Amino acid sequence: MHTAEGVVTIVQESRFQLVDSAGVAHLFLLGHRAAAEPEQLVPLQHRQARVRVQYRRAPGLIGRIARRVQVLD
């Protein structure tokens with residue numbers, strides 16, 4: 001499984017954007033079996049929380065499928 005770390009900058013429903021330390025933005029879709037709920041993403045955006053996301057690639061999609069979101073702050 002792949003991982004990415006960064007700050008949650010945008011949230012819309014079950015989609016969110018993470019900006020890594022290099023300034024690169026990554027789009028994630030919260031997976032159905034993710035260890036997080038869409039309602040938990042908005043407070044992370046408001047806090048500009050630093051998180052680690054475990055994800056899988058999604059062929060044919062721009063975003064990646066987030067399996068787990070862990071707060072690092």
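How many strands make up the closed barrel, and in what order do they run? I looked this up in the model, which is a predicted one, and found a closed barrel of five strands that runs 1-2-3-5-4, with mixed pairing. From one strand to the next, I noted that the twist averages 55°.

I then turned to one pairing within the barrel. Strand 1, which covers residues 2-12, pairs with strand 2 in the antiparallel sense, and I recorded five bridges for them. Here I also noted Ile10, which stands opposite Gln17 in strand 2.

Next I looked for aromatic contacts, and a search of the whole structure gave two aromatic pairs. One of them is formed by Phe16 and Phe28, whose rings are stacked, at 5.4 Å centre to centre and with 20° between the planes. This pair links distant parts of the chain, since Phe16 lies in strand 2 (residues 15-19) and Phe28 in strand 3 (residues 25-30), twelve residues apart.

Phe28 also pairs with Tyr55, and I entered this contact as edge-to-face, with 5.4 Å centre to centre and 65° between the planes. Distant parts of the chain are again linked, with Phe28 in strand 3 and Tyr55 in strand 4 (residues 50-56), 27 residues apart. Taken together, the ring pairs link Phe16, Phe28 and Tyr55 into a cluster.

Are the residues of this cluster buried or exposed? I found Phe16 and Phe28 both buried. Phe28 has a relative accessible area of 0%, and Tyr55 counts as buried because its relative accessibility is 6%, with the cut-off for burial set at under 20%.

Technical notes:
Residues are numbered from 1 along each chain as its sequence is written. This is a predicted model: local features need pLDDT of at least 70, side-chain atom pairs count only at pLDDT 80 or more; totals for chains, interfaces and linings use all residues. Side-chain values use heavy atoms; hydrogens and water are left out. Rings of Phe, Tyr and Trp (its six-membered ring) pair if their centres lie within 6.5 Å; planes under 30 degrees apart count as stacked, over 60 as edge-to-face and the rest as tilted. Helices (H or I, at least four residues) and strands (E, at least two) are DSSP runs, numbered from the N terminus. Buried means under 20% relative accessible area, exposed over 50%, partly exposed in between (1.4 Å probe, protein chains only). Two strands pair if DSSP finds at least two bridges between them. Axes are lines fitted to C-alpha atoms, for helices over the stretch in contact, and angles run from 0 to 180 degrees between N-to-C directions.
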